[in-house]
Amino acid sequence: ELNENQKKISDPGFDVIVCAGAGTGKTTVLATRFLRYINESNAENVYELAKRCCAITFTEKSANEMRERVFQYAFEKFHETGEQRWFEIYRSLEFAQISTIHSFCRSLIAQDPLGAAMEPNFDVESKEIPAEEYTEQFLSHLIENYPQMMDEIFWAIKKLGRGNIKTCLSEMFKKRQYLGDSISELARAEPYELRIKYQNFIDNKERDFAEIVRERLQDFIDSSEKNSASDELLAEIEKILLECEPNGEFLEEIFDALKGRRIPKLRKLVEIREYLKKMKFIGLELTESELNEIARLSIEMAKLYVEFEKYIWLGYEKESTVDFNELLIRALNLIENITPEQVRKIFPTHLLVDEFQDTSPIQWKIIRKLADYSNSVMFVGDEKQSIYRFRGADVSVVKKGERYISRRDGGKSGVAFPMNENYRTSKRLLEIFNKIFNNCFPAKATFDFEAEFQELKPAENADDDGFLWLVNPDILDDEGNFTIEQTHIVGDIIKMSLDKGIPDGRRWNFGDFLVLATSIKKVFNIVAHLGELGIPAIPLVNSGFYSASEIIFLRSLVDFLADTRRNGALFSLLTHPIFDIGMDKIYEILGNETDISLWDRLKIFYEGYDKSKNYSDDEIKLMKSFEKLSDMLENLANKSIYSILEQFLSDEEILSKILDDTPDFRSANIHKFLMHIYELEASGRDVNEISENLRSEKDKNETGFATPSETVDVVRVSTIHSAKGLEANIVIVCDRGSKSRDWSSNTKFYAEPEIPYMFVPKIPNNDSKFFALIRQIASLKNDAESKRLFYVAFTRARKHLFIVPTKNGGDFFSNTISALGGKFDKKGREILWSENIPDGVNVLNASEIWYPENGKIAERKAEYKPVIDYVDKEIISENLWISVTDAASFFTCPQYFKLKSNILTGEYSESERKEFPPNEFGSIVHKILSTLPGDRAEIVQMTERLCADEKVKKSVLKTVENFLNSDFFKSLKDDVDTEVPLYFSVNGIRFKGFIDAMTENMLWDYKTGRRNSFTELEYSYQLNIYRLAMAKYRNIEPERIEAKIIWLSDSNLNVQHIEWDDKIFDKIEMLKSDSTDKEKFESLAAVRNYCDYCPMRRYCEILK
């Protein structure tokens, strides 16, 4: 249900800009407004209307979330009302434009490519054009072909340096959508005119800063605090305020008056003095000739860039291929020159923009043009969450959007609304956050790039619990110096929370933790350290995929298959646990000759096999590895790489060694890798081209880990910049140092909207007032974004937030303590509070949670998450895992098991194939029922999405409906765990499998296949094996656990109660005595004649 404020915002009858604080449900409001516009328009053809509805955002993740929400709400409305119109709206949404701004621009150009100077079949390159590769050639080309520019070029090189010019040109090309037309305009400017503009810029900015200081001084004069000032100081300040205009001279006078004074009790004056200290331009001089030189250099660099861009496009078919930067530029050109007829044809009539705070200047121009022609406009964002300045996002666009909305329709319909009811964070933690953010953000912003404070209010049903935990860095190193290793502290916090129930005595799970860092490097350091502690963790960043151990192995395998001379790839394979040969043993056995490849040496060794000789274990391993790899090389002639890899990984022993102790997300990575190989092969690439493609992708490091599909019980680790949209019960924030670098510090030019033409090159060793002022502006913007980063990190937490500082504190740590009325004593390593420590805030000394031995996490059993990991100490084989399904088949009938194993490995005849057809119906039913006991509408919607075949869909819907109407379903509670992965052992045999569903003392499986005495017995064995696992986990007797099979079909539903059978132990002992490895296990049917003693002999289909 929407609250009253949300209902007003979702009304499409008026234009609105919404400041939506973190966790306030903005996606819900966006989706509701989108659907209300279609439904309330009274248009008969909802399909045409949907085509003209447009929702724009800035990431694929946000676009997908919005699209899913809109579809979900439309279907719920249809299910709730039964009205045909809602069903038509639901179907029409396929035509609606819900996308990123880049996707929207692409579709816009596709409707009129000639108007954008593009070919109809144009393509968009996701990769940036490598401008840096063209700079050297360009300068040589310019000198050879444009002698008239030679003097200017050499003068610019002398002033800036050749390397700086090359870097500057390539960086300008990458940021050309941000710079827009300003560079071409600058190239046409005259130096004397630009000098005047620069001087005006200096005067205006000095005046702005002086006005700020003047207002703060006036506040001091009007406050009671002035009574504590000396008469001499007070008189001097009042004289300056009276006599000086707000300019650079005024700033100098005030700074001189305050910098030598002792004013510790005058808080307002101390703040003003600190503010003035940061203004490094105060007192600096700038001559007219220096300003002329800066103007001339700016113009010359602009001219060079205009020619450089022309030169780059000579090597590309600009009309057929563009990158994302050029896509936006072309789209804007098309929009600015569009005809009224085209507007009516292709422009949206209803426009919604999500994540509005992430808009860049050129994107704002596009959005504003679209809004001019739209009947209804909604901008939603939160300036406190604008953290992508390095990508070109300009937070000042939010203020521009507010002014734009207020002027639409003559100011009659435009409204600015706040959304501040938070549905994510607990009440107590939210109260603490408000105190902190009130100290960070002003009530009214001085500059457009500053975010204003917005109080977040807890939802009515919000929990009262929650704590903020400040980790005090009080650890000493061996030399007695204070130090702290953040990655270790993170691991220790998680260990303590799991082992001892910190923070609040509750039992937490891995999936309850989200760790946030300020760099990708830190993310991977944390993931690696958690792995050493036995804590499963996954990095949620768009990189690192090819550094995962399982992918390193598979990529080495592809490299080797592409070229057997790649010694490094073969070494990587042989030393992996799959082949398990030490590097020193490889050299010892095969030698280290450099004139012959490692593969050839291995081949010579293999071919010299002598039956009479006793070989060591490593020598035997080498021969087996040669046989395995040789088979794969031979298969290259008639099999695809994908098939070869898939067959290789079908060996459970090999797969278990690759998956190691974190099978959930490693298997997801492997699946992602295999699908990528499949796509590359489908595009016509051979093994060598695939190998080179993988090598290129590894070097670029722009591929992120796959998301686990089977369980979420894993610690998530992300950068703060990638954390939007994430939330967790416990958030651990790794602070950064006190000084953070601005993105412009890494470039060879400044690009700020305040600068005339937005651009000026950095001149080495020039510390004039002009550049000091620009650096001051950039510094203020960087400080403002640091506070916004701070806000995003904190508001991910539901229950608890830990701040892990650096050894000297850090931005987040220090600002938090200051906002709560405390101070961090770096020398004494303690936090001093002016009053009592605030309610809900805890200080945790790092030394109290430090585990010097860094031992592995104690064995844990999940309480809330559906994961069981229980293994006996005595194991027959570390490498042997037997699936519960296979074991049950074997216990029922080894002959049946053998036949079934052949089916699974593809070794079967056509007649056998018919006995085991693919069960699409059963698979879909299982997927749907894994969502139980969820909402009925969601279940029906999922059925619609999964079923492509109408016949199957009809059957599935009837089956699901039978289940939803059953007494069994109605008896279910919310604490059902579904699709539960199990890894456990019984009497030395290791089993793995999935229970369809389980509660505290009951488990059940869904079955959609043929029911007879044979299958009933087989499935009862499955359930009894699962019973053993659950009994171990719950520490109770197996017979106390209720087990059921739910037999499902589209005509009826039956519940079969499974009795406990303690003979299952005899079956396991029999299996244990006869099987020490998978190969022998699969051949059991050949060595024993079980059929003569089989209790199901007279029912057996196979014997017949």
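The largest cavity lies between two domains, because domain 1 (4-126 + 323-419) and domain 2 (467-541 + 712-848) both give residues to its lining. The domain bounds come from an automatic or database domain assignment. The model is a predicted one, in which local features need pLDDT of at least 70 and side-chain atom pairs count only at pLDDT 80 or more, while totals for chains, interfaces and linings use all residues. Residues are numbered from 1 along each chain as its sequence is written, and side-chain values use heavy atoms, with hydrogens and water left out.

Back to that cavity. A cavity here is a set of points, on a 1 Å grid over the protein atoms alone, where a 1.4 Å probe fits but cannot get out, and lining residues have an atom within 4 Å of a point. Grid points are joined across faces, edges and corners, and a volume is the space filled by probe spheres set on the points. Searching the whole structure turns up 3 cavities of 30 Å³ or more, and the largest has a volume of about 110 Å³. It is lined by 13 residues, of which R389, A393, D394, V395 and K781 are the closest to its centre. Sorted by class, the lining holds 6 nonpolar, 1 polar and 6 charged residues. For this sorting, Ala, Val, Leu, Ile, Met, Phe, Trp, Tyr, Cys and Pro count as nonpolar, Asp, Glu, Lys and Arg as charged, and the others, Gly among them, as polar.

Helix α33 (residues 769-794) gives the most to this lining, with 3 residues. Helices (H or I, at least four residues) and strands (E, at least two) are DSSP runs, numbered from the N terminus. The expected span of a helix is 1.5 Å times one less than its number of residues. For the 26 residues of α33 that comes to 38 Å, and the end C-alpha atoms are 37 Å apart, so the two values agree. Much of α33 is tucked away, with 22 of its 26 residues buried. Buried means under 20% relative accessible area, exposed over 50%, and partly exposed in between (1.4 Å probe, protein chains only).

Helix α17 (residues 324-336) tells a similar story. Its 13 residues reach 19 Å from the first C-alpha to the last, close to the 18 Å expected at 1.5 Å a residue. This helix is mostly covered too, as 10 of its 13 residues are buried; among them are N325, E326 and R330, along with L327, L328 and I329. E336, also in α17, is partly exposed, with a relative accessible area of 43%. E336 and K369 are 33 residues apart in sequence, yet 7.7 Å apart in space, C-alpha to C-alpha. A wider jump along the chain links Q137, in helix α7 (residues 135-145), with Y311: these two are 174 residues apart in sequence and 9.5 Å apart in space, C-alpha to C-alpha. Q137 is partly exposed at 45% relative accessible area.

Next come the strands. Strand β28 (residues 1002-1007) has 6 of its 6 residues buried. M1002, W1004 and Y1006 point one way from β28, and L1003, D1005 and K1007 point the other way. Two strands pair if DSSP finds at least two bridges between them. Strand β27 (residues 989-998) pairs with β28 in the antiparallel sense over 2 bridges, and the two form a hairpin with 3 residues between them. Within this pairing, L1003 is the bridge partner of M998. β28 also pairs with strand β29 (residues 1042-1048), this time in the parallel sense over 6 bridges, and D1005 has I1045 as its bridge partner there.

Strand β16 (residues 715-719) is likewise covered, with 5 of its 5 residues buried. V715, V717 and T719 point one way, and R716 and S718 the other. β16 pairs in the parallel sense with strand β14 (residues 513-517) over 4 bridges, and 3 bridges join it to strand β15 (residues 537-539), also parallel. R716 takes part in both pairings: it stands opposite L514 and is the bridge partner of I538.

Finally, a couple of backbone oddities. Most residues other than glycine have a negative phi. A117, though not a glycine, has a positive phi of about 60°; it is found in the loop between α6 (101-111) and β4 (123-125) and is partly exposed at 46% relative accessible area. E355 has a positive phi of about 50° and sits in the loop between β6 (350-353) and α19 (361-372). At 13% relative accessibility, E355 counts as buried.

Note on methods. 1 Å grid on protein atoms, 1.4 Å probe; cavity = no way out; pocket = protein on both sides within 12 Å on 5 of 7 lines; lining within 4 Å.
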